[in-house]
Amino acid sequence: MEIDKTVKKGENNMENQQTSKFLVIYQDPNYDDTFTPELSNELTKQHVEHCSRLDSEGVLFMCGPLVGHEKGMFMLNAKTYEEAENYVKRDPFIINNCYKTYVIYEIEEANAGNNYLLEKYLMPL
């Protein structure tokens, strides 16, 4: 199987090193009275700018709010847990304590190319 390693315009190749996907969940929103509508709007704009930067760098796979929950999620491409956490710590929502906590999970990607990890997780009979 031949793999296309061409970097398309606007994509970052993450230095052609192996990356993993990390699921980040922002939780426990901060409802402190110091978050005025003006401050919330400004931090939301800064957060979107942060997301846009990560996207242009090839780091952001996807993100969005969790419908029906007061949480947000990111899927990041990163080489290590520490690198993923570093991206999170630069988010204005985290810097300004808009969410009190976050969790990061490394994802073992299952897809057609690895037969959805079937062989790895079948139990021996």
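**Close-up 1. Strand S3 is covered on both of its faces.** In this predicted model, Gly 72, Phe 74, Leu 76 and Ala 78 are buried on one side of S3, while Met 73, Met 75 and Asn 77 are buried on the other. Counted along the strand, 7 of its 7 residues are buried, leaving S3 mostly covered. As a reminder when you look at the two faces, side chains in a regular strand alternate between the two sides of the sheet.

**Close-up 2. Four strands line up as an open sheet.** Here the order to follow is S2-S3-S1-S4, with antiparallel pairing. Strand S2 (60-65) and S4 are the edge strands, each pairing on one side only. On average, neighbouring strands are turned by 20° against each other, direction ignored. Helix H1 (residues 37-56) packs on this sheet and touches S2 and S3; the helix direction makes about 155° with that of S2.

**Close-up 3. S2 and S3 form a hairpin.** There are 6 residues between the two strands, and Gly 68 in the turn has a positive phi of about 85°. The antiparallel strands S2 and S3 are joined by 5 bridges. To find your way along the hairpin, look for Pro 65 opposite Gly 72 in S3, and for Leu 60 with its bridge partner Leu 76 in S3.

**Close-up 4. S1 runs antiparallel to S3.** This time 7 bridges join the two strands. One residue to pick out is Tyr 26, whose bridge partner in S3 is Gly 72.

**Close-up 5. Tyr 26 and Phe 74 make a tilted aromatic pair.** The structure holds 3 aromatic pairs. In this one the ring centres are 5.1 Å apart and the planes meet at 50°, so the pair is tilted. Because Tyr 26 lies in strand S1 (residues 20-29) and Phe 74 in strand S3 (residues 72-78), the pair ties together parts that are 48 residues apart in sequence. Both Tyr 26 and Phe 74 are buried.

**Close-up 6. Tyr 26 also pairs with Tyr 99.** This pair is tilted too, at 5.5 Å centre to centre with 55° between the planes. Tyr 26 sits in strand S1 and Tyr 99 in strand S4 (residues 99-107), so parts that are 73 residues apart in sequence are tied together. Tyr 99 is buried, as is Tyr 26. Step back a little and you can follow one aromatic cluster formed by Tyr 26, Phe 74, Phe 93 and Tyr 99.

**Close-up 7. Lys 21 lies over the face of Phe 61.** Look for Lys 21 at 4.6 Å from the ring centre of Phe 61.

Notes:
Residues numbered from 1 in each chain as written. Predicted model: local features only at pLDDT ≥ 70, side-chain atom pairs only at ≥ 80, totals over all residues. Heavy atoms only, no water. Phe/Tyr/Trp six-rings, centres within 6.5 Å; stacked < 30°, edge-to-face > 60°. Buried < 20%, exposed > 50% of the residue type's maximum accessible area, 1.4 Å probe, protein only. Lys NZ or Arg CZ within 6 Å of the ring centre and 35° of its normal. Pairing = 2+ DSSP bridges. Axes fitted to C-alpha atoms, helices over the stretch in contact; angles between N-to-C directions. Contact = heavy atoms within 4.5 Å.
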